[in-house]
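The exercises below ask the reader to work from the sequence and coordinates towards a description of helix packing, enclosed space and backbone geometry. Each task is followed by a solution that goes step by step.

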Amino acid sequence: MENTVINPLNTNEALAPRPTRKVHPQKFMMWFAIGSLSLTFAGFTSAYLVRQGQGMWEQFQLPSIFYISTVVILLSSLTYSLGARAFKAENMKRYTLFMVLSLLLGIGFMTLQYLGFQELYQQNIRLNGNVSNSFFYVIAGMHLVHIFGALIALLVVTIRNNQIKPENRKYLGVEILGYFWHFIDILWLYLFVFLMLYR
């Protein structure tokens, strides 16, 4: 039964029903996941600061390659946005091009992070070393796990959108993945700045 709003000035006249806005269940789940991850990494950084304040904390310099990886992951957000715009314009060639670029930039980010880890390892900054080392590897490693998951999702969505019929393509999947893609990019920027300030 449709709800109506009674006009208080004229009880014989009913106002039009108020439209209700409902969040798509998949969007809701993605926002819920993003919120949960935000709290998780906020917990990591809070624990980092608490433990640092307790002393016995070894400071170390982040390799310059992490600066490059940060630029790379931020560029992937730009290419993803351009790809999403091309999808809405039904330009599949341009969409595929930018999504492949986003995929390559994501792989490039992971590769650069790995090289940065190797450089730290050669400087005796290791997971089983000082507690500051352990915190760094756990935080950066957890972020890499989510980057890897986003890359798999991007690959699947891109291939699927190129295989299905045009009338069956929906922007929703591209939009939802975009939320997560941009989130993990911004998350790394936050973590990078945090680690630079509190070494």
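**Exercise 1.** How many nonpolar, polar and charged residues does the lining of the largest pocket have?

*Solution.* Before starting, note that this is a predicted model, in which local features need pLDDT of at least 70 and side-chain atom pairs count only at pLDDT 80 or more, while totals for chains, interfaces and linings use all residues. Residues are numbered from 1 along each chain as its sequence is written, and side-chain values use heavy atoms, with hydrogens and water left out.

Step one is to find the space: on a 1 Å grid over the protein atoms alone, a pocket is an open set of points with protein on both sides within 12 Å along at least five of seven lines, a cavity is a set where a 1.4 Å probe fits but cannot get out, and lining residues have an atom within 4 Å of a point. Step two is to list the lining of the largest pocket, which consists of Q26, V156, V157, R160, N161, I164, N168, R169, K170, L172, G173 and V174. Step three is to sort these by class, where Ala, Val, Leu, Ile, Met, Phe, Trp, Tyr, Cys and Pro count as nonpolar, Asp, Glu, Lys and Arg as charged, and the others, Gly among them, as polar. The result for the largest pocket is 5 nonpolar, 4 polar and 3 charged residues.

Two further values complete the description. The volume of the largest pocket is about 180 Å³, a volume being the space filled by probe spheres set on grid points that are joined across faces, edges and corners. Helices α4 (131-163) and α5 (171-197) each supply at least two lining residues, and the largest share, 4 residues, comes from α4.

**Exercise 2.** Describe the order of secondary structure along the protein chain, and then determine how α2 and α3, α3 and α4, and α4 and α5 are packed.

*Solution.* The elements are DSSP runs numbered from the N terminus, helices being H or I over at least four residues and strands E over at least two. The protein chain has 5 helices and 2 strands, arranged along the sequence as β-β-α-α-α-α-α.

For the packing, axes are lines fitted to C-alpha atoms, for helices over the stretch in contact, and angles run from 0 to 180 degrees between N-to-C directions. An angle under 35 degrees counts as roughly parallel, over 145 as roughly antiparallel, 65 to 115 as roughly perpendicular and the rest as oblique.

- Helix α2 (residues 65-88) and helix α3 (residues 92-122) have axes that come within 8 Å and cross at roughly 165°, which makes α2 roughly antiparallel to α3. Their contact has 22 nonpolar, 8 polar and 1 charged residues.
- The axes of α3 and α4 are 10 Å apart, and these helices pack at about 160°, so α3 and α4 are roughly antiparallel to each other. The contact of α3 with α4 has 20 nonpolar, 8 polar and no charged residues.
- The axes of α4 and α5 come within 10 Å and cross at roughly 160°, and α4 and α5 are therefore roughly antiparallel to each other.

**Exercise 3.** Which residues line the largest cavity?

*Solution.* The structure holds 1 cavity of 30 Å³ or more, and the largest cavity contains about 40 Å³ of space. Its lining is formed by Y48, F60, L62, F136, L195 and R199. Sorted by class, this lining has 5 nonpolar, no polar and 1 charged residues.

**Exercise 4.** Is I176 buried or exposed, and where are E90 and N124?

*Solution.* Buried means under 20% relative accessible area, exposed over 50%, and partly exposed in between, with a 1.4 Å probe and protein chains only. I176, in helix α5, has a relative accessible area of 9% and is buried. I176 and M29 are 147 residues apart in sequence, yet their C-alpha atoms are 9.6 Å apart in space.

Most residues other than glycine have a negative phi. E90, which is not a glycine, has a positive phi of about 60°; E90 is placed in the loop between α2 and α3 and is exposed, with a relative accessible area of 70%. N124, also not a glycine, has a positive phi of about 70°; N124 is placed in the loop between α3 and α4 and is exposed at 53% relative accessible area. Over the protein chain, buried residues make up 36% of the 199 residues.
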